[in-house]
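Colleague: I am new to this structure. Please choose a single part and give me a close look at what packs against it.

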Amino acid sequence: MQTVNGLPAHVLLVHAIVVLLPLAAALLALTALWPAARRRLAGPNVVLSLLVVVLVPITTSAGEWLEHRLMPNPLIHKHTELGDTAIYAAIGVALLALVVWWRQRESTGRTPVKRTFLAPASSAITVTVTVIAVLVAGAAVYDVVRIGDSGAKASWSDWAAQP
């Protein structure tokens, strides 16, 4: 998918990433920190996070398609390079969301086999997972802001230079 109704697909898809990746990151931090939120939102956040992991390569592919159709520009190239890091942020959020959700399932005994691989009763592991989840969530939001800022500069730098 490279265009939608004649518009570059990247221009449309990027809005999904700008909203959904920080949302998944915020939910990751919330579910890691707050047990009541974990019980209700950890499962839906896994689904959201996996959706983002699927959308990121589609969006970056559409962005690279668009880059090759524009005049060479160092700002666009920088944005494209930064955009390639979004998949790492998305995968990190998804993996931690999965760990938080699975630990919640193990703590309630709702796993298929009565084993606890991720030690849901361990306070030390809970603190470790929480700290890592909050750091990964923060890094993901920072990555989206950094990528978005470079994209805005690439898109609007010529316009801003006009009198």
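Modeller: Start with the whole. The protein's accessible surface comes to about 9,600 Å², and carbon and sulfur atoms hold 70% of that area. Accessible areas come from the Shrake-Rupley method with a 1.4 Å probe, and for residues only the protein chains shown count as cover. This is a predicted model, in which local features need pLDDT of at least 70 and side-chain atom pairs count only at pLDDT 80 or more, while totals for chains, interfaces and linings use all residues. Residues are numbered from 1 along each chain as its sequence is written, and side-chain values use heavy atoms, with hydrogens and water left out.

The protein has 163 residues, and 37% of them count as buried. Buried means under 20% relative accessible area, exposed means over 50%, and partly exposed is in between (1.4 Å probe, protein chains only). There are two strands and five helices. Their order from the N terminus is β-β-α-α-α-α-α. Both kinds of element are DSSP runs, numbered from the N terminus: helices are H or I with at least four residues, strands E with at least two. Contact means heavy atoms within 4.5 Å. Take the contacts with a separation of 6 or more: 71% of them join residues 24 or more positions apart.

My chosen part is helix α2, residues 35-67. What does α2 meet in α1, α3 and α4? Let us take these partners in turn.

Begin with helix α1, residues 9-33. The axes of α1 and α2 lie 7 Å apart, at an angle of about 155°. Axes are lines fitted to C-alpha atoms, for helices over the stretch in contact, and angles run from 0 to 180 degrees between N-to-C directions. The pair is therefore roughly antiparallel. That word covers angles over 145 degrees; under 35 is roughly parallel, 65 to 115 roughly perpendicular, and the rest oblique. The α1 and α2 crossing is left-handed. In such a crossing the near helix is turned anticlockwise from the far one by less than a right angle; clockwise makes it right-handed. By class, this contact has 27 nonpolar, six polar and one charged residues. Ala, Val, Leu, Ile, Met, Phe, Trp, Tyr, Cys and Pro count as nonpolar, Asp, Glu, Lys and Arg as charged, and the others, Gly among them, as polar.

Two residues of α1 show the detail. Ile17 sits in α1. It counts as buried, at 8% relative accessibility. Beyond its neighbours within four places in sequence, Ile17 touches Pro22, Val52, Leu55, Val56 and Thr59. The C-alpha atoms of Ile17 and Thr59 are 8.0 Å apart, with their positions 42 residues apart in sequence. Leu33 also belongs to α1. Leu33 is exposed, at 55% relative accessible area. Again leaving out neighbours within four places, Leu33 is in contact with Arg38, Thr130 and Val134. Its C-alpha lies 9.4 Å from that of Thr126, 93 residues away along the chain.

Next comes helix α3, residues 74-83. The axes of α2 and α3 come within 10 Å and cross at roughly 160°. The two helices are therefore roughly antiparallel. Their crossing is left-handed. On the α2 side the residues are Thr60, Glu64 and Glu67; on the α3 side they are Ile76, His77, Thr80 and Gly83. This contact has one nonpolar, four polar and two charged residues. Look at Thr80, in α3. Thr80 counts as buried at 12% relative accessibility. Apart from neighbours within four places, its contacts are Glu64 and Glu67.

Last is helix α4, residues 86-108. Here the axes are 8 Å apart, and the angle is about 155°. So α2 and α4 are roughly antiparallel. α2 passes α4 in a left-handed crossing. The α2 side includes Ala42, Val46, Ser49, Leu50 and Val53, and the α4 side includes Ala90, Ala94, Ala97 and Trp101. By class, the contact divides into 17 nonpolar, four polar and two charged residues. Ala94 lies in α4 and is buried, with a relative accessible area of 8%. Beyond its neighbours within four places in sequence, Ala94 touches Ser49, Leu50 and Val53. From Ala94 to Leu21 the C-alpha distance is 9.7 Å, across 73 residues of chain.
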